[in-house]
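Let's take a walk through this protein together, starting with the whole chain and working inward. Keep the viewer open as you read.

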Amino acid sequence: MRSARIKRETEETNIVVELNLDGTGTHEINTTIKFFDHMLASFSKHGFFDLMVKADGDLNHHIIEDTGIVLGDAFKEALGGSDGRESAVRFAYADIPMDESIARCAVDIGGIGGDGRRYTVFVADLNKEQVEDVSTEDIPHFIASFASHANFTIHVYAKGENEHHKVEAIFKALGIALDKATQREERRNVRD
Ligand SMILES: [Mn+2]
């Protein structure tokens with residue numbers, strides 16, 4: 001089974017993530033930050049990843065950043081081994097609307113070993129300092145922390161009027177793109 005359980009404790013945060021790549025989108029999320037919980041739940045549901053996240057810490061910035069780190073580590077571990085990343089689809093993208101907003105996410109989850117590539121591009125017209133109870137600047141920071149620990153390249157583009165819609169579309173697009181990219185590509189095994 002392509003799954004992982006990662007626990008990380010520092011002076012700032014205490015985080016546990018359980019991930020199953022081949023799930024159905026069931027989730028149990030509690031980061032103490034409501035909008036962040038809502039985003040991770042959307043990511044799980046639309047990516048069909050079973051996901052448990054339990055996080056707390058001193059500051060929201062630390063909780064969001066470190067959850068990105070632990071979720072990235074969980075993807076990296078779940079994709080490991082001979083039946084992992086090297087036999088996955090690898091590249092995928094999703095264009096996901098939410099009412100007047102639209103988000104595009106394109107991912108490269110890497111080839112053999114998955115150690116070669118990690119990069120984040122985040123271009124979104126987020127105009128307010130705060131989205132619900134999350135600082136807007138923590139959203140690209142989460143994506144970058146996640147990408148660097150998972151060894152993924154992630155490009156995010158979003159446009160729209162409503163900040164909640166733009167960010168929610170981003171998390172849905174990320175889940176859907178990663179669902180596609182992490183599927184097994186049987187033709188690669190035949191060719192190799
Ligand atoms: Mn919502």
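The paragraphs below go from the overall fold to the sheet, then to the core and a few single residues.

Before anything else, please bear in mind that this is a predicted model. The protein chain contains 5 helices and 10 strands. Its radius of gyration is 16 Å, close to the 16 Å that the globule rule gives for 192 residues, so the chain is as compact as a globular protein of that length. If you align the C-alpha trace with its principal axes, the spans come to about 50 × 40 × 30 Å. Of the 192 residues, 45% count as buried. The contact map also tells you something about the chain: among contacts with a separation of 6 or more, 78% are between residues 24 or more positions apart.

Now turn to the sheet. Four strands make up an open sheet with mixed pairing, and their order is E5-E6-E10-E7. E5 and E7 (119-124) are the edge strands, each pairing on one side only. Neighbouring strands in this sheet are turned against each other by 5° on average, with direction ignored. For a detail of the pairing, look at E7 and E10 (residues 153-159): these two run parallel and are joined by 6 bridges. You can pick out Phe 122, whose bridge partner in E10 is Val 156.

Helices pack on this sheet too. Helix H3 (residues 138-150) touches E7 and E10, and its direction makes about 160° with that of E7. H4 also packs on the sheet, where it touches E5, E6, E7 and E10, and its direction makes about 30° with that of E6.

H4 leads us to the interior. The largest nonpolar core has 57 residues, and the members that touch the most others are Leu 19, Ala 74, Cys 105, Ile 170, Ala 173 and Ala 177. Helix H4 (residues 163-181) supplies the largest share of this core, 10 residues. Try selecting Ala 173: beyond its neighbours within four places in sequence, Ala 173 is in contact with Ala 94, Ile 96, Ala 103, Arg 104 and Cys 105.

Another residue worth a stop is Val 131, which is found in strand E8 (residues 130-131). Is Val 131 buried or exposed? Val 131 is buried, because 21 other C-beta atoms lie within 10 Å and the cut-off for buried is 20 or more. Setting aside neighbours within four places in sequence, the contacts of Val 131 are Phe 35, Thr 136, Glu 163, His 164 and Val 167. You can also check the spacing to Asn 162: this residue is 31 residues apart from Val 131 along the chain, and their C-alpha atoms are separated by 9.5 Å.

Finally, two backbone details sit in loops. Arg 90 lies in the loop between helix H2 (60-78) and strand E5 (91-98). Its phi is near 85°, a positive value in a residue other than glycine. Arg 90 counts as partly exposed because it has 19 C-beta neighbours inside 10 Å. Further along, Asp 99 is in the loop between E5 and strand E6 (101-108). Asp 99 is not a glycine, yet its phi is positive at about 50°. With 12 C-beta neighbours inside 10 Å, Asp 99 counts as exposed.

Technical notes: Residues numbered from 1 in each chain as written. Predicted model: local features only at pLDDT ≥ 70, side-chain atom pairs only at ≥ 80, totals over all residues. Core = buried A, V, L, I, M, F, W, Y, C linked by C-beta atoms within 7 Å. Contact = placed C-beta atoms within 7 Å. Rg over C-alpha atoms; globule rule 2.2 N^0.38 Å. Pairing = 2+ DSSP bridges. Axes fitted to C-alpha atoms, helices over the stretch in contact; angles between N-to-C directions.
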